[in-house]
Amino acid sequence: MLLSLGINHKSATLEVREQVAFSSSQMALALEDLTSLVEVQEAAILSTCNRTEIYCRLEGGDERLVLEWLGHFHRLPVESLQRCARWHRDGEAVRHLMRVACGLDSMVLGEPQILGQIKGAYQVARTHNTLGSDLERLFQHTFAVAKQVRTETGIGENPVSVAYAAVNLAGRIFDDIRQSRALLIGAGETIELVARHLRDAGIQGIIVANRTRERAQTLADEVNGVAIGLDELENALVCADIVISSTGSPTPLLGKGIVESALKTRKHRPIFMVDIAIPRDIEPQVGELDDIFLYSIDDLNEVISENRRSRQAAADQAEEMILANVSVWQHERRVRSAGDLIRRHRHQAERLRAEAESEALAALSRGQDPEWVIQKLTQQLTNRLLHGTTSRIRAASGAERVDLIQAAEELLIDDSALHQESP
């Protein structure tokens, strides 16, 4: 059985997600420990800020043992994990992985980063030899589906988050955002997303300002930026072409006077500002200044809503593509599962053929009539090939196993061959 066990942003709080996450240094030990369970034949682990998911092939065991393993590894009570764990089996596990890879299960619909994270999880599992043929083929098929979805739908074309909409709008204001510098105020989830989008856009520099400097430093380290405290805002504003703010401050952090002073020092080089905070971090009067482009969250919502509708249509198209590809996967897996049976059947037939051939050659070496030898060879080969099958058909008939009789007729009888005339 293919199994997916996951705890994600839809089912668990941030605190729980932090407790079940795997660091890169833990991954090798985790994979080795997981696949040491007799029932777990193959395994891969995906661990991001929003989800921890285990994909495995389970043979003859209770799927709960994977959850028990997760709890044991992180020293957490299984009962607490049971409430937020999500299970997917066989075809549903395949569909789930494809949906995750295409960004359909993400906080931001269609976000592309998750595909790279899945590829990373696949590579780690491959490096530590915990993938077998089933998961290897599943991941490869999933990567192909994700590429098809990205190519044939508009799932990634339009911004659907405030963070991405803000960065996208900044890209329209400046001819080349790569020549700009950004000041980000706050260090929460929205600002984290803004920082990553700006980094991916190739911006020249990022300053992260936050009341808790240590938290600002953590985010700044991730995006190769600089961390400052809120008391340094006035100086940082002078070198900022883009200012995006999202804090929980009850009063504005940037007033008209501070911004006006910064503009004079900048010789009136324009500043693009987005205030995502509620209540606002930037006084509305700042927008009255020349060379200031100030947008509030309400200004972005219309763009976001329009683009979300556009992306949702692409997501619906992607869902149809995924369902079709799950069917393809299941068909190919069924065909592969028949491969072992076919190999065993051919091996059996080959053994009977070799025995008959050996007896025929021995008869020829004794000088017996070749025509008689050939006739006896074909009779013996036919009888030996059909003996086991006919015996089992009689037994099935006696036991009234109509299903086996019907299957045998479909598999063994070629009506077109019966009606062919002999030459």
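**Strand S9, its sheet and the packing of helices H8, H9 and H3**

In this predicted model, 5 of the 5 residues of strand S9 are buried, so S9 is largely enclosed by the rest of the structure. The cover extends to both faces of the strand: Ile271, Met273 and Asp275 are buried on one side, and Phe272 and Val274 are buried on the other. This division follows the general pattern in which the side chains of a regular strand alternate between the two faces of the sheet.

Strand S9, which spans residues 271-275, pairs with S10 in the parallel sense over 5 bridges, and within this pairing isoleucine 271 has isoleucine 292 of S10 as its bridge partner. S9 also runs parallel to S8, to which it is joined by 4 bridges; here phenylalanine 272 of S9 is the bridge partner of isoleucine 242. In general, the strands of a sheet pair through backbone hydrogen bonds, in either a parallel or an antiparallel arrangement.

These pairings belong to an open sheet of 6 strands with parallel pairing, in which the strands follow the order S7-S6-S5-S8-S9-S10. The edges are formed by strand S7 (226-229) and strand S10 (292-296), each of which pairs on one side only. From one strand to the next, the twist averages 15°. Helix H9 (residues 189-200) packs on the sheet, where it touches strand S5 (181-185), strand S6 (205-210) and strand S8 (242-245), and the direction of H9 makes about 170° with that of S5.

Helix H9 also packs with helix H8 (residues 162-173), at an angle of about 40° and with the two axes 8 Å apart. Because angles under 35 degrees count as roughly parallel and those from 65 to 115 as roughly perpendicular, H8 and H9 are therefore oblique to each other, and their crossing is right-handed. Ala163, Tyr164 and Val167 of H8 make the contact with Thr190, Leu193, Val194, His197 and Leu198 of H9. The residues of this contact comprise 6 nonpolar and 2 polar, with no charged residue.

A further enclosed element is helix H3 (residues 64-74), in which 8 of the 11 residues are buried, so that this helix is largely enclosed by the rest of the structure. The buried residues of H3 are Leu65, Val66, Leu67, Trp69, Leu70, Gly71, Phe73 and His74. Just after H3, arginine 75 adopts a positive phi of about 55°.

Terms used. Residues are numbered from 1 along each chain as its sequence is written. This is a predicted model: local features need pLDDT of at least 70, side-chain atom pairs count only at pLDDT 80 or more; totals for chains, interfaces and linings use all residues. Side-chain values use heavy atoms; hydrogens and water are left out. Two strands pair if DSSP finds at least two bridges between them. Helices (H or I, at least four residues) and strands (E, at least two) are DSSP runs, numbered from the N terminus. Axes are lines fitted to C-alpha atoms, for helices over the stretch in contact, and angles run from 0 to 180 degrees between N-to-C directions. Contact means heavy atoms within 4.5 Å. Angles under 35 degrees count as roughly parallel, over 145 as roughly antiparallel, 65 to 115 as roughly perpendicular and the rest as oblique. A crossing is left-handed if the near helix is turned anticlockwise from the far one by less than a right angle, and right-handed if clockwise. Ala, Val, Leu, Ile, Met, Phe, Trp, Tyr, Cys and Pro count as nonpolar, Asp, Glu, Lys and Arg as charged, and the others, Gly among them, as polar. Buried means under 20% relative accessible area, exposed over 50%, partly exposed in between (1.4 Å probe, protein chains only).
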